[in-house]
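Grab a pencil and have the sequence and the 3D view open side by side. Try each task yourself before you read its solution.

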Amino acid sequence: MSLAAVDTQRKLPDLDRVPRVDEVGVNERVARFQSRSIKKASKVEALRMVLSMIDLTTLEGQDTPGKVRQLCQKAMHLHDSVQGLPHVAAVCVYPTMVSVARKALEGRDIHIASVATAFPSGQAPLNVKLEDTRMAVDQGADEIDMVISRGAFLAGDYAFVFDEIAAIKEACGDAHLKVILETGELGTLDRVRRASVLALHAGADFIKTSTGKIQPAATMQVTLVMLQAIRDYFYDTGRMAGMKPAGGISSAKLAIHYLVMLRETLGNAWMTPEWFRFGASSLANDVLMQIVKQETGVYQSADYFSKD
Amino acid sequence: MATPENKLAFDGGWEYSPAPESTDHIKVEKKYELFIGGDFVKPESGKYFNTINPATEERLSRVALANDADVDKAVKAARKAYRGPWSRMKPADRGKYIYRIARIIQERAREFAAIESLDGGKPIREARDVDVPLASAHFFYYAGWADKLEYAFPGRKVRPMGVAGQIIPWNFPLLMAAWKVAPALACGNTVVLKPAETTPLTAMKLAEVIADAGLPEGVVNIVTGAGDTGSSIVSHPGVDKIAFTGSTEVGRIIQRALAGSKKKYTLELGGKAANIIFADAAIDEAVEGIVNGIFFNQGHVCCAGSRLFVQESVAEQVIRKLKDRMETLIVGDPLDKNTDIGAINSKAQLETIQSYLDIGKQEGADIYQSACALPDKGYWCRPTLFTGVSQSNRVVQEEIFGPVLAIQTFRTFDEAISKANNTPYGLSGGVWTDKGAKIFRMTQSVRAGVVWANTFNKFDPTSPFGGYKESGIGREGGLHGLDAYLRLEA
Amino acid sequence: MAAKAERSKERVAVAKTYKIYIDGKFPRTESGRYFTLEDPKGNVIANVCRGSRKDFRNATVAARKAQPGWAGASAYLRGQILYRIAEMLEGRREQFIAELKLQGVTQRAAQKEVNASIDRLIYFAGWADKYQQVFSAVNPVASSHFNFSVLEPTGVVSIIAPDDSGLLGLISNVAPTIVGGNTCVVLASESMPLSAVSFAEVLHASDVPAGVVNILTGLRSELTEHFASHMDVNAIVFCDGARKTARTVQELASDNIKHVVARTDIDWNRDSAQHPYLIRDTQEVKTTWHPIGS
C-alpha cells in the first residue's frame, strides 16, 4: 500500500483483530528495558538526545504571556554555561498563547505545539473542537495535540472517535497532529492498544499518552504498547508515526529507559525529535544536571539550574 | 500488505557502551581442593583439572579431581555426619543452619553472580537476577520445611534417607546445587555433591558459605570431577539416594547402574518443549515468551521452548516480529550488564550445537541468524531459527541445548497437541492464547511436568519442577520436592 | 475340570476355559500355548493360557488407546465404576471363594480374601475424587503468577501382580492404578491365576471401558522382561521379591526412563496395605503457571 493510498483511504480498522495485550508480560518486558545499563558515551549521547526531544510544556489555567515568554527563553537557552547543547524540540502551550510563543521564538527552529479540541477533557462539540484547532494553526502552531473523546471510546462508539480524529486532521492542514489517548482514563492496556490503532488509521502523525492532568499519565507500560501499535502500523502501511509520552517523566534516568525501549522496539529510525518527544516541564533540568555531572564528575544541585 | 521494505533498522545509531560488572571484589583462588568433612582437602588422585572462562578461553582456576578414594572419603564423612549431629539435631535447628546459608548467599550475591558468569559464560544479568536470588530463595524456602515435614505427607511418618549423592549440570551451577542441597538438608540427609566439571567454582564458593554458616562438618561434601567421579558416587554402596540432573543419555546409564540396589533416585533429564502460539494470543508478549523460552541462558536449559508451533494465520507476523526482536539481542561479554546471550558453556557444547546447525541445513531447513557481531575469542553462537522443518527433522526431535529454535506451523488445536506430545520427552511446554477455556484444555493436554500458559521459563522455590516420560522421574521444588529426600512410612 | 468326586453325581459339571482379557475381549493366547494348573494333590485344575510377548504387545496397544478417554472421564465416574466392580464382585462372592479354594486356599482364608477384595475396591472407589485434593497444591510463587500443581496419570502401567495373593493382591495393585486414570496390563499370579481371569469377567460386567484393564496369565520368567522393556509403558509396578528379577526390571526400565514401583513383602490382607500413596505411585505432578493481570 502506498503512502498516498493510506492518506486518502482512512478507514476504521476491525479493532477485534488488534492483538491482545498481557499486562504481566508487558511489565516483564519493561523491567528488561530498565535493566539496561547506559553508561559513559552512550549516556551522554542519550542525555543530549532527550533534551532535543522535549516538548517544554506549560498548560495551566494561570498561564500568562509572561510565563510563556519565560518558557520560550528556557527553550532557547537550556543552560548556556554548557557549550553545544541542543535546544528542545518544541514548546507546548494553550491555543491562546500560541501567538505569544510564535513571537518569542521568532526565527528559531523550535516548534510550537498547541493543545486543542477542548483540552483536557475533550468534552465539546466537534465544531468547537475544529474551531479550536484552526485557531491554533492560524496563530502559528506547527503541531496540534488533540485529545480523543474518551467517553465515546469507552462507550464503544469507535466510529465517532475515528471520524473526529480524521476531521481534526483535515483541520490541521500542514500542522502535525498528535493524538492524546489519555491512557489513564482508558483503564487497560488492551484499550490503549486499540485506541492507538484507531488513532493511527484515522491519520495521527503522533500518538501521545496523556494530558498530564490525569493520573496515571505516561508509564513505560502504556508507551510500550503504543510503540508496538506504531510498529505494526508501519509493518502494514510503511508509514512512520511518532510517539510522545507526556506527564510523569521527570528524571533523566527514566527518560533514558524510554530511549532504550524506543530503540529496541522501533529501531534507530525513530530516535530523533521528528519521531519521538517527551512531554515534560521539569525533565530538562534533571537531564542538564546529569550532563553537567558527566562533564565535571560532581553531583549537581537544582539551585544552579534555571527553573524556566 | 506487509512488504519487505517496511523494515525496522536496529544496526548503527545509538549503541550501548560497554557496562562490565566490576570484578575487583571477586576472589578466585588459583587452586580449589575438595570439600570433605568440613575441610578443604587435597585429592587422593593428586590431580587437578582446569576450569576455563568460555568467553575468553583463559584458565580461571585449577580444581581437584576426585577419584574413588576421594568419593569414598566424602561418603564416609557424610555418613558420620548423618549418624552424628545431623539426623539427631532438633529439626528447627537444622532449619536455622539452612536459613544461614540463604542469608550468606544474599550477602555475597554479587560475588556469586560474577563467578557464575565467569565460569559458565552466562550473562551477568541472568546470574544476578535469576540464578543467585533463586538459589538463595530455595534455601530460604526449604529451611522453613525442616521442622514441618510431618505436615507434608498426611497419614505418613517421614524419615530421612541418609546420604544423598547429588550430581548437577553446568547450565545453572549454583541454582542446581541449591535445588539439590536445600531439600536434602531440610529433610535431615547429608550430602555428597558433584558439580559439573566445566562449572565447579560457585559450588566451591558454596562450600565456603557452608563452612561460614557453621554447619557440622561432613553434612555437605563437595567433590569435583567429571563423569568418572559421578559414576563413583552412583555406585558407592554407602549412598542411599541419587539425585541427578543432566542429559537423558546419562540418566539412563544411572538408572541402569542403580538396578538391583536399594538406592532411591530422582532424575531431572532432557527436554524438547513445545511452545504453542495460537492466533488469539497476546502476540507481542508471546514473542517475548519465545525469546525467553529459547534464548534464556544461551538455550542451555532443559525446559527450553525449543520447538515453536505457531498457528498458520499469524505465523508470518510472529516470525517477522521474532526476527526483529532477535536483532536487539546482544551477544557477547557475559560480564557486560547489557549482554543478553553470553558464551556457550564449553568448546564441546559449541561443537554439538554447530553440528546441529549443519544437520538442520543438510536436512533442507531454512536457517536464520541474527546479524550481531561476535567476539573474536571464546565460544559463541548467534540466536538461530530453523523454519521449513517438520516433526521428522532431527533439529525438531533432538535436544540441541543451544540458542536454536525450530519453527513449525499448525492449523487446529488437535494438530498442535498431537505434534506437541509427539516426542519421547515431557519436561515442559508453553501455551499462548487469550481464551481461558482453551488454556485449561491445552495445559491439561500437554504431557509435561511444567506448563507455562502465557508465560515461559519461570521458576520458583515453591513450584515443583520435573518431567514426564524420558524427561525424568520425581520433582524438585515445592512441597512435592520433599518427597525425593524422605522415606514415607505408615 | 472338576474333582473326581463330582463325576459320580448326576450332573456333569461344565468346566470353564480360562482365557486372557485384552481390550475388553477374552481371546485365547495368540501363541496357542498353555500351562497346567494343578491342585495340591496334583490334580489338573485348568489349562491356563501361557500368554506371550505378542499378547502383551496387543494388550499394551489396547491400554494406550483407552488411556486418554479413561483419564478424561470424571473422577466421579471413575469412582462409580470402581464401586460397580465391587458390587459385581460382591454378587459373585461364592464363585470367587470356591475358586480360591480350588487353588489351595482354605475356606476361611478364601472368605477373608474375597471380603477384603471387595472392601479394597470400595476403599479406592472412594479415593477417586479425593486424592487430587490431598496431593495437589497451589504454590505461592513470588512473581505475579497463579501456580498450581496437580496429579495426572502417568499413562500405561504394566503390573506384575503378587504371586501369593491371587485376587486381593491383584486388586490391591490394579485399583489404585486405574482409579488415578491410568490404564494397565497385568500379569496375574502364576501360581494362582484363576481368580484373575474370573475378575476380568467381573470387570467386563462393570462398565470398565475396554482396554483400561488387561489381564494376562503366563510365566513370569518369560514375560517380566517384556513388561519392563516395552517403550510405550510409562511405569511398571513390580510385586516380586527376587533381587535378580528386580535388577533386570530396573535395567530394562531405563530404556525409556520408566518409573519402577517395587512392592515387595507386603501382606495385602492388612489394612495398612491400602493407602492413597499407592495411587500416587503411578501419578505425575504437573505444575501450571499463568500470569495474574489484566
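Below are six exercises, each with a worked solution.

Some housekeeping comes first: this is a predicted model, where local features need pLDDT of at least 70, side-chain atom pairs count only at pLDDT 80 or more, and totals for chains, interfaces and linings use all residues. Residues are numbered from 1 along each chain as its sequence is written, while chains are lettered from A and ligands numbered from 1 in the order in which they are written.

**Exercise 1. Cis peptide bonds**

Task: Find which residue A:Phe119 is joined to by a cis peptide bond, then look at the bond from A:Gln215 to A:Pro216.

Solution:
- Step 1. The partner of A:Phe119 is A:Pro120, and omega of this cis bond is about 0°.
- Step 2. Look around A:Pro120: it sits in the chain A loop between β3 (111-116) and α6 (126-138). Helices (H or I, at least four residues) and strands (E, at least two) are DSSP runs, numbered from the N terminus.
- Step 3. The bond between A:Gln215 and A:Pro216 is cis, with omega near -5°.
- Step 4. A:Pro216 belongs to the loop between β6 (206-208) and α10 (220-237) of chain A.

**Exercise 2. Positive phi**

Task: Work out whether A:Glu182 is buried or exposed, and do likewise for B:Glu57.

Solution:
- Step 1. Get the rule straight: a residue is buried if 20 or more other C-beta atoms lie within 10 Å of its own, exposed if 12 or fewer, and partly exposed in between, with C-beta atoms placed from the backbone.
- Step 2. A:Glu182 has phi near 50°, a positive value in a residue other than glycine. Its place is the loop between β5 (176-180) and α9 (189-202) of chain A.
- Step 3. Count its neighbours: 24 other C-beta atoms are within 10 Å, so A:Glu182 is buried.
- Step 4. B:Glu57 isn't a glycine either, yet its phi is positive, about 65°. You'll find it in the loop between β4 (48-53) and β5 (58-64) of chain B.
- Step 5. B:Glu57 has 12 C-beta neighbours inside 10 Å, so it counts as exposed.

**Exercise 3. A helix in chain A**

Task: Check the length of α3 (residues 40-52) of chain A, and find what covers its buried residues.

Solution:
- Step 1. The expected span is 1.5 Å times one less than the number of residues.
- Step 2. For the 13 residues of α3(A) that gives 18 Å, and the end C-alpha atoms are 19 Å apart, which agrees.
- Step 3. Its buried residues are A:Ser42, A:Lys43, A:Ala46, A:Leu47, A:Met49, A:Val50 and A:Leu51.
- Step 4. Their cover includes β1 (54-57), α11 (252-266), β8 (278-280) and α12 (283-296) of chain A.

**Exercise 4. The nonpolar cores**

Task: Find which residues have the most contacts inside the largest nonpolar core.

Solution:
- Step 1. A nonpolar core is a set of buried Ala, Val, Leu, Ile, Met, Phe, Trp, Tyr and Cys residues joined through C-beta atoms within 7 Å.
- Step 2. The largest one has 172 residues, and A:Val50 and A:Val91 have the most contacts inside it. The largest share, 10 residues, comes from α10(A).
- Step 3. Leaving out residues up to four places away in sequence, A:Val50 touches A:Ala252, A:Ala255, A:Ile256, A:Leu259, A:Phe278 and A:Val287. Contact here means C-beta atoms, placed from the backbone, within 7 Å.
- Step 4. A second, separate core has 94 residues, including B:Ala64, B:Ala81, B:Leu118 and B:Ile222.

**Exercise 5. A bent helix in chain B**

Task: Find where α1(B) bends, and compare its length with the expected span.

Solution:
- Step 1. α1 (residues 68-88) of chain B has 21 residues and should span 30 Å; its end C-alpha atoms are 29 Å apart, which agrees.
- Step 2. The bend, about 50°, is at B:Tyr82, with B:Pro85 following within four residues. A bend is the angle between axes fitted to the seven residues ending at a residue and the seven starting there.
- Step 3. Buried residues of α1(B) include B:Ala81, B:Tyr82 and B:Trp86.

**Exercise 6. Where chains B and C touch**

Task: Find which element gives the most to the side of chain C that touches chain B.

Solution:
- Step 1. The contact involves 32 residues of chain C and 41 residues of chain B.
- Step 2. On the chain C side, β4 (145-153), α10 (243-253) and β10 (283-291) give two or more residues.
- Step 3. β10(C) gives the most, with eight residues.

Terms used:
Two residues are in contact if their C-beta atoms, placed from the backbone, lie within 7 Å.
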